[in-house]
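I sat down with this one to look up a few buried spots and how some helices pack. Here are my notes, in the order I took them.

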Amino acid sequence: MELSALTAISPVDGRYRSQLAALAPYFSEFGLIRYRVRVEVEYFLFLAEKKIFKLPAAAKPAKLRTIYQDFTEADAQQIKTIERTTNHDVKAVEYFLKEKLKALGAGDAVEWVHFGLTSQDVNNTSVPLSWKEALEEQFLPMLQNVVLSLRKMSKSWEGIPMLARTHGQPASPTTLGKEWMVFVERLEGQIQQLSHVPFAAKFGGATGNFNAHYVTFPDRDWVRFGNDFVNNKLGLERMQYTTQIEHYDNLAAQFDALKRINTILIDLSRDIWSYISMDYFKQKVKEGEVGSSAMPHKVNPIDFENAEGNFGIANAIYEHLAAKLPISRLQRDLTDSTVLRNVGVPMAHSFLALRSLEKGLNKLLLNKDKMKQDLDANWAVVAEAIQTVLRRENYPQPYEALKALTRGKSGINKEDIHNFINTLKVSAKVKKELKSITPHNYVGVPFKL
C-alpha cells in the first residue's frame, strides 16, 4: 500500500490529517530534519560571528540561512538518503550541510559544521525549539480562542438562573454564566502556570562539559558562548549542568501542565454533554447530517464526545512522556530518542479535541424554557435560604424544621413552601421576606462576569 490518509496507521496522519496539517511543519520527520538544519546553520554562523573561524566571502549569512528557510522535501529526502549510509540521522544532516557549503563556494569552512558537538546538542535544541514554536504559534492561540469563546458565552448568560446539581441531585440554584466562568478561571490559571515553565535546552558536547571545545580553544569562555547561542540566538534556556542529554524536567512540567488543561477541558466537555442530555441546550442542525444510522430524530453531542476522547488519548501520552523522559541511565541511554519523536502526537490529539470543542460550542442553542421548568419543579431548593434566614432570627431548630418538610419528599411546590412559612412564629415582615425567595432569584452574589 502507498501511504495516504486512507492507508496511514495512525488517525493523526490518516482520518484527521487535514485538520492537523498545521502541525506537520513542527512534528513530522521533515519538520525535525528542518529544525536540525536550522540549528546547525545558526551554530555555524555563530562560530564565525564569535571569530572562532573566518567565514568565506562567498558564504553570506543571508544566503546560508536560505538553506533552512527554503528547505524542501527534496532536501529532506537527500538527507534520508545519506542516512542510509551513515545509519545516523544527525551525521546525515552534517554531511548534507557540507555539500551545500561547497556548492555555495564555502568549501574551506566545511569542517566547522557541527564543530565540537554531539548529536544531542542538535536534538536537544531542535526538539524544544519546534515544541516551543508549535505551542506558541498553533496550540496556545487555539486554546486562547476557546477560552475567549467561553468568556463571551459567560457574559451573555450572566443573569440566567439555573438549577445546580451536587451529587447529581437538585441543589442551590446558580447562574449559567458563572458556571461557564468556573472553566475560564481554571483554564487561565493553568495557562499562566504553563507560561512560567522555560523551554529548556542542552548544549555542551558529548557529556555536557564542552570537552572538545575546551581542549581546542582553552582560552575561550565556552559556557558563556553556549548560553549566548542557546538563549539569545535560539530563544531557549540553556541548562548549565547536563549529561549528554537535557534533563527534560521542564519539558515534563509542560506536559503535566498541558495534561491539567486537558483534564479541565474533559470536565467541561462532560458537563456540556450532561446539560445537553438535560435539554438545557439544543444543538444547531446541519442540513444533510445524520445523528444515528437507525434513529432519524437524534442530534448527538458528538463534538463533545470526540473532544473528551482525544483529550484522554493526549493525556495518556503526556503522562508517559512526563514519566519517562526525565529518567536516563548514567550519562545517557537511547530510550529518550524514540520517545521524544512522539511529542507532537499528544499535541495533535489535543489540537483535534480543541477543534471539536470549538465546533460544539458554536452549535449550542440555549433552552431557557427547560431551565425555567426545572427551577419551577424544584422549590425544595429554597429550604436552605429559609432556614438560614430563620437562624438570623434566632428561630429554634430551623434546619430540622425544613428537613422535616423537604427531605425525601417529591413534588414540593411553591404552595407547600408558602404554607410552611405561614405556620412560622415570625413577624409578617420576615414572612414576606421569606416568600420573596424563589428558585429563580436564589442564585447568590450577582457576579459581574
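For burial I used one cut-off: a residue is buried when its relative accessible area is under 20%. I also kept in mind that this is a predicted model.

**Entry 1, Arg36.** I started with Arg36, which sits in helix H3 (residues 29-49). Is it buried or exposed? I got a relative accessible area of 3% for Arg36, so it is buried. Next I listed what Arg36 touches, skipping residues up to four places away in sequence: Asp89, Val90, Val93, Val122, Asn123, Ser126 and Arg341.

**Entry 2, H3 against H6.** Asp89, Val90 and Val93 turned up again when I looked at how H3 meets helix H6. From H3, the residues in this contact are Arg36, Val37, Glu40, Val41 and Phe44. Across from them, H6 puts in Asp89, Val90, Val93, Leu97 and Leu101. I sorted the residues of this contact and found seven nonpolar, three charged and no polar ones. How do the axes run? The axes of H3 and H6 (residues 89-103) come within 10 Å and cross at roughly 55°. That angle falls in none of the parallel, antiparallel or perpendicular ranges, so I wrote the pair down as oblique. I noted the crossing of H3 and H6 as right-handed.

**Entry 3, the core.** Val37 came up once more, this time in the largest nonpolar core, which has 134 residues. Which residues have the most contacts inside this core? I found Val37, Trp131 and Trp180. Helix H7 (residues 119-156) gives the most to the core, with 14 residues. I then looked up Trp131, leaving aside its neighbours within four places in sequence. Its contacts include Phe27, Phe199, Leu251, Phe255, Leu258, Tyr318, Val343 and Met347, and Gln254 is also among them. As a reminder to myself, nonpolar side chains tend to be buried together in soluble globular proteins.

**Entry 4, H11 against H12.** I moved on to helix H11 (residues 249-277) and helix H12 (residues 302-324), which pack at about 160° with their axes 9 Å apart. The angle is over 145 degrees, so I logged H11 as roughly antiparallel to H12. Their crossing is left-handed. In this contact I counted 15 nonpolar, five polar and six charged residues.

**Entry 5, Thr118.** Last, I checked Thr118, in the loop between H6 and H7. Its relative accessibility is 14%, so Thr118 counts as buried too. Beyond its neighbours within four places in sequence, Thr118 is in contact with Lys202, Gly205, Ala206 and Gln244.

Key. Residues numbered from 1 in each chain as written. Predicted model: local features only at pLDDT ≥ 70, side-chain atom pairs only at ≥ 80, totals over all residues. Heavy atoms only, no water. Buried < 20%, exposed > 50% of the residue type's maximum accessible area, 1.4 Å probe, protein only. Contact = heavy atoms within 4.5 Å. Core = buried A, V, L, I, M, F, W, Y, C linked by side-chain atoms within 4.5 Å. Axes fitted to C-alpha atoms, helices over the stretch in contact; angles between N-to-C directions. Parallel < 35°, antiparallel > 145°, perpendicular 65-115°, else oblique. Left-handed = near helix turned anticlockwise from the far one by under 90°. Nonpolar A, V, L, I, M, F, W, Y, C, P; charged D, E, K, R; others polar.
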